[in-house]
Structures are given as C-alpha cells and as structure tokens.
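Here are my notes on the model, set out as numbered points. They go from the overall make-up to confidence, strands, pockets and cavities.

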Amino acid sequence: MITGQQPWATGMARVQRSSTIDLITHQLRNAIYEGLLMPGAPIQESEAAKQLGVSRGSLRESTQRLVQDGLLIAIPGQGLSVADIRPGDLEELYATRLMVEGTAIRVIAGLPGAAERSQRMEAATAALTRLEKLSTGPEALESPRSIGDADLAFHSETVRAAGNLHLTKYMATLVMETRLASLGKPGGYVIRTDVHLSHRERLELVLAGDGNGAVDLLERHFSDTVDRLTGVLGKPVATARVPLDEAGAELGPIGS
C-alpha cells in the first residue's frame with residue numbers, strides 16, 4: 001500500500017441494479033405526476049403497501065425520500081400527505097425555474113457552433129414539435145394532459161441539453177412541483193394551447209446563440225404563467241377545458 005493512501009472500504013455491499021426502494025419511489029413519483037395522488041391527499045401506509053405489494057418498511061423508506069424531495073409532507077400525529085403548492089409559493093417556484101432554465105439556456109446558446117447547438121437541442125426540438133402538433137390539431141381540446149406532458153418535456157430537455165447533471169437534477173424536482181401547482185389550483189382547470197408559440201420563438205433565439213434574448217422571453221413567459229395561475233392575468237389566452245379523470249375528479253391546469 002502506498003504510504004499515506006487510505007485503504008479501500010471493504011465493508012460495502014454490491015450495488016444492485018434496481019432496488020425495491022427505487023422501484024417504489026418511481027411508482028409514487030409517477031402517481032403524483034399523473035394526478036393519481038392529488039395535492040393534499042393523505043397517504044395511507046398500510047393500504048399503499050398492500051396495493052404496491054411491498055412491506056410497510058420498504059414503503060416507509062421510499063416515502064422518506066419523497067419527503068426529502070418536498071413531494072410528500074410528514075406531519076407528526078397526522079401521517080403523510082402529498083405536498084400542495086399554494087398560490088403564495090408560485091413566484092418562488094418560477095423564480096427558481098428561471099435561474100435553472102436560464103442558466104441552461106445561456107450554456108447552450110454560448111456554444112461556439114450552430115451545428116452543436118442544434119445537436120444539443122434535438123430532444124427539446126422533438127418535444128416542441130410534438131407539443132405543436134397536439135396544440136394545433138383537432139384533438140387539442142381532448143388531450144390536455146398530453147399537451148402538458150409535451151410542454152414540460154420541452155422545458156426538461158432544454159435543461160438536459162446543457163449537459164450539467166446538477167441542473168438536470170434540480171429541474172426534475174421543479175417539474176414535479178410545477179405539476180403539483182397545476183393540479184392543486186382550486187379554480188380555472190384550464191391549460192394554454194398557444195404556449196408553443198413562445199417556446200418556438202425562444203428555441204430560435206437559443207439556436208441563433210442569443211442566450212440573453214431567450215432568457216428575457218422565458219422570464220416574460222413565466223411572469224404570465226404566475227399571473228394566470230393566480231388569477232390576475234389581464235389578457236385572454238387560448239385554453240382548453242380539462243376533462244374529468246377516471247375517478248371523476250377534475251384535473252387542474254397542466255404545463256408551463
């Protein structure tokens with residue numbers, strides 16, 4: 001052994017490809033994202049463990065991960081419930097998104113060649129093309145969830161294109177919080193169907209290398225979004241009525 005070198009740890013277990021805890025966490029995150037577990041809904045530990053076919057200990061460990069991520073709330077004596085993003089939290093949420101997404105945009109726009117910028121943004125461009133097709137097609141009023149998914153995918157893929165793992169990690173949590181804010185809105189229950197227009201304009205600026213211009217557009221877009229979600233937007237926007245889910249509950253506004 002080289003003098004001064006720390007010995008390698010010998011008590012560590014082999015890494016499993018996918019643990020039960022990981023799988024449970026993935027299932028719960030998906031249920032929250034899809035609105036199967038609505039904001040504020042209580043989590044009945046025994047019932048959830050039985051439905052997932054896992055032990056209560058495994059479920060408890062998984063839910064603690066989601067508590068740490070801010071997606072579940074643990075209240076002593078009251079148990080667990082899904083987090084609820086309230087109107088007063090929206091400005092902070094979108095200010096944080098602006099920092100994360102704005103940083104990613106400037107990184108991509110600052111790349112030296114147009115070809116590399118275009119290559120980095122391939123997945124985001126594909127998500128935007130999907131969003132445009134959904135928003136402008138005859139099924140626009142019938143597929144609000146699909147529109148919302150494509151919208152959030154465009155934002156996520158833009159951040160991922162920067163190649164910064166920390167930004168990508170932060171964005172994953174912010175997307176979940178955005179979905180919670182949308183699903184938890186008590187009134188309105190609508191989504192924008194013209195959001196692709198601002199996304200396309202912003203994408204073109206990124207591809208042209210104008211990061212500051214793209215971030216300015218994103219800031220205005222987020223300001224309008226906060227105003228819409230809080231009910232103070234003073235101008236009309238193109239929207240679609242969100243239908244009932246299988247349980248008969250209305251789904252809130254999804255997307256940006």
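1. The protein has 10 helices and five strands. This is a predicted model, and the chain runs to 256 residues, of which 43% are buried. Contacts that span a long stretch of sequence carry much of the count: among those between residues at least 6 apart, 77% join residues at least 24 apart.

2. Confidence comes next. The average pLDDT of the protein is 84, and 79% of the residues reach at least 70. Helix H4, residues 90–109, has the highest mean, 97. The lowest mean, 52, belongs to strand E5, residues 239–241.

3. One stretch calls for caution. Over residues 241–254 the pLDDT stays under 50. The model still has 41 contacts for these residues beyond four places in sequence. Where pLDDT is low, the predicted coordinates should not be read in detail.

4. On the strands, E2 (residues 72–75) and E3 (residues 79–82) run antiparallel and are joined by four bridges. One of the bridge pairs is Ile-75 with Gly-79 of E3. The two strands form a hairpin with three residues between them, and in this hairpin Gly-77 takes a positive phi near 85°.

5. E3 also pairs with strand E1 (residues 42–43), again in an antiparallel arrangement, through two bridges. Here Pro-42 has Ser-81 of E3 as its bridge partner. E3 is therefore a strand to look at from both pairings, since DSSP finds at least two bridges in each.

6. Which elements give two or more residues to the lining of the largest pocket? The volume of this pocket is about 330 Å³. Its lining has 13 residues, and those nearest the centre are Leu-28, Ala-31, Leu-37, Ala-48 and Gln-51. The elements in question are helix H1 (20–33), E1 and helix H2 (45–52). By class, the lining divides into eight nonpolar, four polar and one charged residue.

7. The second largest pocket has a volume of about 230 Å³. His-26, Arg-29, Asn-30, Tyr-33, Ser-156, Arg-160, Thr-168, Met-171, Ala-172, Val-175 and Met-176 line this pocket. H1, H7 and helix H8 (165–183) each give two or more residues to the lining. H8 supplies the largest share, with five residues. The lining is made up of five nonpolar, four polar and two charged residues.

8. H1 deserves a look in both places: it gives two or more residues to the lining of the largest pocket, and H1 also does so for the second largest pocket.

9. Turning to enclosed space, how many cavities of 30 Å³ or more does a search of the whole structure find? The search finds two. The second largest holds about 50 Å³ of space. Its lining consists of Glu-101, Ile-105, Met-121, Phe-154, His-155, Thr-158, Arg-202, Leu-203, Val-206 and Leu-218. H4, helix H7 (144–160) and helix H9 (195–207) are the elements that give two or more residues to this lining. Six of the lining residues are nonpolar, two are polar and two are charged.

10. Two links between these points may help a first reading. H4, the helix with the highest mean confidence, is among the elements lining the second largest cavity. H7 contributes two or more residues to that cavity, and H7 does likewise for the second largest pocket.

Methods
Residues are numbered from 1 along each chain as its sequence is written. This is a predicted model: local features need pLDDT of at least 70, side-chain atom pairs count only at pLDDT 80 or more; totals for chains, interfaces and linings use all residues. Side-chain values use heavy atoms; hydrogens and water are left out. pLDDT is the predictor's confidence in each residue, from 0 to 100. Contact means heavy atoms within 4.5 Å. On a 1 Å grid over the protein atoms alone, a cavity is a set of points where a 1.4 Å probe fits but cannot get out, and a pocket is an open set with protein on both sides within 12 Å along at least five of seven lines; lining residues have an atom within 4 Å of a point. Grid points are joined across faces, edges and corners, and a volume is the space filled by probe spheres set on the points. Ala, Val, Leu, Ile, Met, Phe, Trp, Tyr, Cys and Pro count as nonpolar, Asp, Glu, Lys and Arg as charged, and the others, Gly among them, as polar. Buried means under 20% relative accessible area, exposed over 50%, partly exposed in between (1.4 Å probe, protein chains only).
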